[in-house]
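User: I am new to this structure and would like to know how its labels are justified. Please go through a few of them with me.

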Amino acid sequence: MTFNPDFLSDREETQANSLLKYLQQQSPEILARVAKSVSPDIQQIISQNVQGLVGMLPSEQFNVKIVTDRENLAGILASAMMTGYFLRQMEQRMQLENLADTATSPQESNGGD
C-alpha cells in the first residue's frame, strides 16, 4: 500500500488544500513507511468495510464489475481513509490501555502480600 502525492497535482482544487501540499512535500520513503505501518487487523477491517460499501459477491461465482463516477469513488476513498484513521487511533488506545494494565498489575499483586 503506497500513497501517490501527485495524484491530484494537475487539478485547481488542490491549490487551496494545505494537507495535500504538505503530503507532496514529503519524501516517498516517509510516505511508504507510514503506509506500511498499518496493521493487518486494520487492513482487514478496512477491506471488509469497502467491500460492504460496494457489495460483496463471491468472485468465483460472479464476474463483478463496479461502475461509479468520480464523486462516489472519492466518497468511498474518504470513508476508507477516515475508517483507517479512526481504527489506528483505537488500536493505539487499546495498546496504551494494555500497557497501563500491565504496569499496574504487578504493583497490585505485590501490594496485597
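User: Which residues form a nonpolar patch on the surface?

Analyst: In this predicted model, the patch consists of Leu53, Val54, Leu57, Phe62, Val64 and Ile66. Together they have about 520 Å² of accessible area.

User: Why is isoleucine 66 called exposed?

Analyst: Its relative accessible area is 52%. The label requires over 50%, so isoleucine 66 counts as exposed. Isoleucine 66 sits in the loop between helix H3 (40-54) and helix H4 (70-111).

User: What makes glutamate 91 and arginine 88 a salt bridge?

Analyst: Their closest N and O atoms are 2.7 Å apart. The cut-off is within 4 Å, so the pair qualifies. Both residues belong to helix H4, three residues apart, or about one turn of the helix.

User: Is glutamate 91 buried or exposed, and why?

Analyst: Glutamate 91 has a relative accessible area of 12%. Buried means under 20%, so glutamate 91 is buried. Its partner arginine 88, at 28%, is partly exposed, because that value falls between the 20% and 50% limits.

User: How many salt bridges are there by this rule?

Analyst: The count is two. Glutamate 97 and arginine 93 also form one, at 3.2 Å from N to O. These two residues are four apart in helix H4, which means a separation of about one helical turn.

User: Why do glutamate 97 and arginine 93 carry the labels they do?

Analyst: Glutamate 97 has 41% relative accessibility, which lies between the limits, so glutamate 97 is partly exposed. Arginine 93 has 51%, which is over 50%, so arginine 93 is exposed.

Methods:
Residues numbered from 1 in each chain as written. Predicted model: local features only at pLDDT ≥ 70, side-chain atom pairs only at ≥ 80, totals over all residues. Heavy atoms only, no water. Patch = residues over 30% accessible without salt bridge, like charges linked within 9 Å, V, L, I, M, F, W, Y side chains within 5 Å. Areas by Shrake-Rupley, 256 points an atom, 1.4 Å probe, with all protein chains shown as cover. Salt bridge = Lys/Arg side-chain N within 4 Å of Asp/Glu carboxyl O. Buried < 20%, exposed > 50% of the residue type's maximum accessible area, 1.4 Å probe, protein only.
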